[in-house]
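Work through the exercises below with the sequence and the coordinates open. Each task is followed by a solution in steps.

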Amino acid sequence: MKITVDGVAYEVAEGRTILQALDDLGLLMNGVDVPHYCWHPKLSIDGSCRLCQVEIEGVPKLQIACNTVVAEGMAIHTRNERVRKAREGVMELLLVNHPLDCPICDKAGECKLQDYAFDYGVPHARTREPRRAAKKRVDLGPTIVFDQERCIFCRRCVRFCREVPGTGELGIFVRGDRSVLETFPGTPLDNDYSMNVADICPVGALTTKDFRFKIRVWFLEDVPGVCTGCANGCNVHLGVANNRVYRYLPRRNDAVNGTWICDEGRLSYHRIGAADRIDGHALHGADGRREQASLDAAVAAAAAALRAVIERQGPGAIGALASPHATNEDLFVLRRFLEALGSTQAGFAVPTWRADALLRKPEAAANAAGCRALGFGDAAPLLERVRGGAVAGLLVLGHDVLATAGTAALDALRGLDALVLADSHRSALEGLAQVVFATRVPAEKLGTITNHAGRVQRVVPAVEPPFEAHAEGEIVWRIAQALDLPGFAGAYDVRAISKELAQAEDAFAGRDLDALPPEGAPLHGAGVG
């Protein structure tokens with residue numbers, strides 16, 4: 001059906017409200033400004049804040065855009081004098097009790113009350129009565145702190161807990177000017193998605209304990225990325241300053257995560273700068289001593305160890321364990337490495353965690369689907385061949401095999417003649433490997449990953465590691481060059497590798513780094529995602 005907004009005609013879907021229709025068109029607060037607090041695109045309609053009032057021709061009273069369904073020929077006005085005065089009245093009411101504590105409020109810089117007070121409010125307050133007393137720094141649960149005096153009762157958080165995780169810990173108690181947001185007695189705010197309430201709180205009443213007072217938000221650069229905590233691949237903004245990631249915020253992608261992210265995935269950014277990162281390449285001598293090494297020295301040592309196995313038992317005795325944390329490009333280079341050798345000894349292992357019906361998927365790694373799409377199978381048969389002596393040299397990406405096979409994997413790998421490890425975090429595998437390469441995590445490199453549903457998404461470097469580290473693909477590329485394997489001439493170029501992958505694999509056609517849209521695209525034949 002057709003409607004007009006401020007004199008401009010638009011075609012919208014039947015049954016949508018005015019705000020929904022504008023959101024569908026990508027115009028809401030992006031060309032057509034209808035300020036709102038209580039409305040959220042992924043929650044039920046509340047209609048409590050009254051800020052989204054608009055004028056509709058033929059209707060005597062102003063209407064709230066969040067709960068008014070569009071009709072054929074509807075003529076809507078969002079910026080005339082009548083609407084402007086209504087917004088001023090709502091803003092004046094909301095600011096009766098809300099403190100103007102922007103200099104100390106952690107939401108300052110991304111607070112809708114601050115923004116809307118500037119854009120739509122009045123410059124002077126008329127109230128003379130003291131502001132009502134309210135509680136400060138209320139501990140609502142393990143993740144969230146509540147500053148009660150800032151709450152404007154939009155009830156987004158209440159609806160979120162009822163409608164998304166279904167836990168319903170929060171409610172509005174008492175009525176009128178004594179209304180207060182609280183948890184139900186004996187029920188702390190404690191669910192797997194609790195920190196989303198801080199994202200959707202428009203005024204800084206709810207803040208996360210993890211980010212509270214770490215840094216002012218205007219110092220942060222939001223870099224688009226993907227959470228790698230599990231196979232869902234939720235879209236996030238990485239908040240970056242001083243070459244450090246301070247937080248993950250969910251980035252809207254209706255094909256992947258809507259506007260949410262689980263708490264555990266949100267906090268997984270701590271792994272980027274964790275104390276147990278492998279902070280340099282190293283060689284493990286026969287005397288048991290470990291020494292730091294340059295990349296060239298580590299590559300030469302890895303090639304020498306693998307070459308010795310090849311000369312003794314042939315290239316078929318070389319195998320590889322892929323990583324579901326590596327990018328598609330890293331995995332494609334690893335596969336080419338094996339193909340150039342003439343070896344079919346490969347596999348990968350995937351750690352698992354507690355899944356749910358919302359976003360959390362069983363596999364606790366971002367790119368297990370990419371491993372499968374590129375032909376890597378389960379690691380168990382490879383480990384059996386290692387135990388049987390058919391594989392004597394192994395190139396291992398990551399240490400995920402320890403999460404699935406544990407000490408049995410260590411026992412199997414202990415008997416190898418050559419073990420080369422490329423990993424980002426420390427593990428028991430380090431003690432077995434003759435050569436250890438420090439690798440980058442997805443937040444530090446360029447590439448693509450494939451989520452559980454087959455959606456290929458791009459990751460870009462948000463920070464630089466404070467030590468020498470490289471993508472797994474580049475490490476494998478350099479080892480292949482040292483072994484004089486065909487097909488590895490020139491410098492490693494991830495964009496060229498991505499294009500070669502898209503040309504070599506029909507499922508990845510058009511899914512290279514430069515062709516992917518911001519929301520990603522499904523593998524051909526994936527069917528969903």
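**Exercise 1. Positive phi outside glycine**

Task: Determine whether Asp 484 is buried or exposed, and describe its place in the chain and its backbone.

Solution. The model is a predicted one. Step one is the accessibility: Asp 484 has a relative accessible area of 68%. The cut-off for exposed is over 50%, so Asp 484 counts as exposed. Step two is the location: Asp 484 sits in the loop that runs between α12 (472-482) and α13 (494-504). Step three is the backbone: phi of Asp 484 is positive, about 60°, although the residue is not a glycine.

Task: Repeat the analysis for Arg 137: what is the sign of its phi, and is the residue buried or exposed?

Solution. Arg 137 is a residue other than glycine, and its phi is positive, near 50°. Its place is the loop between α3 and β6 (138-139). With a relative accessibility of 57%, Arg 137 counts as exposed.

**Exercise 2. An arginine in a helix**

Task: Classify Arg 336 as buried or exposed, and list what it touches beyond its sequence neighbours.

Solution. Start with the element: Arg 336 belongs to helix α8, residues 328-341. Next, compare its accessibility with the cut-off: buried means under 20%, and Arg 336 has 15%, so it counts as buried. Finally, collect the contacts, leaving aside neighbours within four places in sequence: Arg 336 is in contact with Trp 477, Gly 487, Phe 488, Ile 497 and Glu 500.

**Exercise 3. Buried faces of two helices**

Task: Which residues of helix α3 (residues 112-120) are buried, and how are they arranged around the axis?

Solution. The buried residues of α3 are Leu 113, Tyr 116 and Tyr 120. They cover an arc of only 70° around the axis, and therefore lie on the same side of α3. The cover over these buried residues includes α2 (81-94).

Task: Do the same for helix α10 (residues 379-388): which residues are buried, and what covers them?

Solution. In α10 the buried residues are Ala 379, Leu 382, Leu 383 and Val 386. Viewed down the axis of α10, they fall within an arc of 100°, so they line one face of the helix. Among the elements that cover them are β16 (318-322), β17 (345-348), β18 (393-397) and α11 (400-414).

**Exercise 4. A sheet and the start of the chain**

Task: In what order do the strands of the five-stranded open sheet follow one another, and which strands stand at its edges?

Solution. The order is β2-β1-β5-β3-β4, and the pairing is mixed. The edges are β2 (8-11) and β4 (63-64): each has a single partner strand, so one side of each is left without a neighbour in the sheet. For the pair β1 and β2, there are four bridges and the strands run antiparallel. Within this pair, Thr 4 has Ala 9 in β2 as its bridge partner.

Task: Place Met 1 relative to these strands and describe its surroundings.

Solution. Met 1 is in the segment before β1 (2-5). At 23% relative accessibility, Met 1 counts as partly exposed. Met 1 and Glu 11 are ten residues apart in sequence, and their C-alpha atoms are 5.6 Å apart. Not counting residues up to four places away in sequence, Met 1 touches Tyr 10, Glu 11, Val 12, Glu 14, Val 70, Ala 71 and Glu 72.

**Exercise 5. A hairpin**

Task: Describe how β8 and β9 are joined.

Solution. Strand β8 (residues 170-173) and strand β9 (residues 180-183) run antiparallel and are joined by four bridges. One of the pairings is that of Ile 172 with Leu 181 in β9. The two strands form a hairpin with six residues between them, and Val 174 in the turn has a positive phi of about 65°.

**Exercise 6. The whole protein**

Task: Summarise the protein by secondary structure, burial, contacts, surface and charge.

Solution. The secondary structure amounts to 13 helices and 23 strands. The C-alpha atoms fill a box of roughly 90 × 50 × 35 Å along the principal axes. Of the 529 residues, 56% are buried. Among contacts with a separation of 6 or more, 65% are between residues 24 or more positions apart. The exposed area is about 22400 Å², of which carbon and sulfur atoms supply 52%. There are 59 positive and 66 negative side chains, and the centres of the two sets lie 6 Å apart.

Note on methods:
Residues numbered from 1 in each chain as written. Predicted model: local features only at pLDDT ≥ 70, side-chain atom pairs only at ≥ 80, totals over all residues. Heavy atoms only, no water. Buried < 20%, exposed > 50% of the residue type's maximum accessible area, 1.4 Å probe, protein only. Contact = heavy atoms within 4.5 Å. Areas by Shrake-Rupley, 256 points an atom, 1.4 Å probe, with all protein chains shown as cover. Lys, Arg positive; Asp, Glu negative; His and termini not counted. Charge placed at Lys NZ, Arg CZ, Asp CG, Glu CD. Pairing = 2+ DSSP bridges. Arc of directions from axis to C-beta.
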